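Below is a colleague's note on the fold, written to be read beside the sequence and the coordinates. Please keep both at hand while going through the points.

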Amino acid sequence: MSGIADVARLAGVSKSTASRALTGGGYVSDATRRRVQDAAGSLGYVPTTSAVSLATGRTNTVALIVPRVNRWYFGSIIEGVERTLIPRGYDLTLYVAEPDSRDRASLYTHFLARKRFDGVIAVALEPDDADIARLLSFGKPTVCIGNELAEIATLGIDNTAIGRMITQHLLALGHRAIVFLGATPKGEPTAHDVIDRIAGYRQAMSGAGLSDRIGIHESTLTITDGYAAAAALLADVESRPTAIVAACDEIAIGAIVAARRLGIAVPSQLSVVGVDGHDYAEMFALTTVEQRPAAQGEQAVDILLGMVDNADAPARSTIPVQLVVRASTAAPR
């Protein structure tokens, strides 16, 4: 296997010059850099991560922290982050930190404390999360995707405006019996994005003079729980709503399946609207607000690597969203 000495010999330069040319750790003329790179390419030599780190003071690694990986939203963010980092020569270290878990505490006290990364992207931290102070204590550039956080560059969507928008969409169609499905169940970790979407729903209903018709029902953010919660909600013909504002697309899809099982036609007997732009949304003809999580991951990388290069980062970047109207919503029959 060829080493840096072989590269230097072939390029006709010293080992230190070859090292600088390949790691970016000091000045080398463009002509010399190209000659060294050509030599390295012909020998199949690639500088190790440790060599680059010693020369530049960087690890060329980004830590990505997500609460779970078995949800479409988080998986899409991971995809966007990875495909943006790799062309820039960065590795990705993924950490799964489930809320209130023992592994989460170990992650911050042991793994992240080693600081084997140039920056951190954290997803779905809550404003009252103790992990925010721990992240700040590392002194590394940090970007969060999701809720607005003090002292940390964040990017995300305006969840209150979205909750209001999708409720107003249903109101404009003529619906009055509109419920919100997906409030955080008691005992579960607080989800501020859901709280904000409920606030938007309440604003729209109150603005339409329907404060007395507000109905908020619990469900975790999954298709299976959305199905179970919707099945219970729709079983009573007398109290059945004509429209559901779902906290996310997975709940909305579960609600559509439940309605079909109960013989309730969507959208003529029940309209359903969600939030996310899930891969399954078009399959279920779901009206939804697309927030493009993969693009959020890409944008987070852009902001973070700018911070690594000492660029100023915006305190908050609001990501534009789009209401995509499909066949799951219509005027009530």
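The numbered points that follow take up the overall form, the two sheets and the helix packing.

1. This is a predicted model, in which local features need pLDDT of at least 70, side-chain atom pairs count only at pLDDT 80 or more, and totals for chains, interfaces and linings use all residues. Residues are numbered from 1 along each chain as its sequence is written, and side-chain values use heavy atoms, with hydrogens and water left out.

2. The protein has 12 helices and 12 strands, where helices (H or I, at least four residues) and strands (E, at least two) are DSSP runs numbered from the N terminus. Its radius of gyration is 25 Å, well over the 20 Å that the globule rule gives for 333 residues, so the protein is more spread out than a compact globule; the radius is taken over C-alpha atoms, and the rule is 2.2 Å times the number of residues to the power 0.38. Along the principal axes, the C-alpha atoms fill a box of roughly 85 × 35 × 30 Å.

3. One open sheet of 6 strands runs in the order E2-E1-E3-E4-E5-E11 with parallel pairing, two strands being paired if DSSP finds at least two bridges between them. Its edge strands, each pairing on one side only, are E2 (91–96) and E11 (316–318). Neighbouring strands of this sheet are turned by 20° against each other on average, direction ignored. Within the sheet, E1 (residues 61–66) and E3 (residues 119–123) run parallel and are joined by 4 bridges, and Ala63 has Val120 in E3 as its bridge partner. Helix H5 packs on this sheet, touching E1, E2, E3 and E4 (142–145), and its direction makes about 160° with that of E2.

4. The other open sheet described here also has 6 strands, in the order E7-E6-E8-E9-E10-E12, but with mixed pairing. Strands E7 (215–218) and E12 (322–324) are at its edges, each pairing on one side only, and the twist averages 20° from one strand to the next. E9 (residues 271–276) pairs with E10 (residues 287–290) in the parallel sense over 4 bridges; Val273 stands opposite Thr287 in E10, while Asp276 has Glu290 as its bridge partner. E10 and E12, by contrast, pair in the antiparallel sense over 3 bridges, with Val289 partnered by Leu323 in E12.

5. Helix H11 (residues 249–261) lies across E6 (178–183), E8 (243–246), E9 and E10, running at about 155° to E9; contact here means heavy atoms within 4.5 Å. H11 also packs against helix H10 (residues 223–234) at an angle of about 45°, with their axes 7 Å apart. That makes H10 oblique to H11, given that angles under 35 degrees count as roughly parallel, over 145 as roughly antiparallel, 65 to 115 as roughly perpendicular and the rest as oblique. The residues of this contact divide into 11 nonpolar, 2 polar and 2 charged (Ala, Val, Leu, Ile, Met, Phe, Trp, Tyr, Cys and Pro count as nonpolar, Asp, Glu, Lys and Arg as charged, and the others, Gly among them, as polar).

6. Which helix does H5 (residues 72–85) approach with its axis within 7 Å? The partner is H12 (residues 293–308), and the two axes cross at roughly 45°, axes being lines fitted to C-alpha atoms, for helices over the stretch in contact, with angles from 0 to 180 degrees between N-to-C directions. H5 and H12 are therefore oblique to each other. Among the residues that meet are Trp72 and Tyr73 in H5, and Pro293 and Leu305 in H12.
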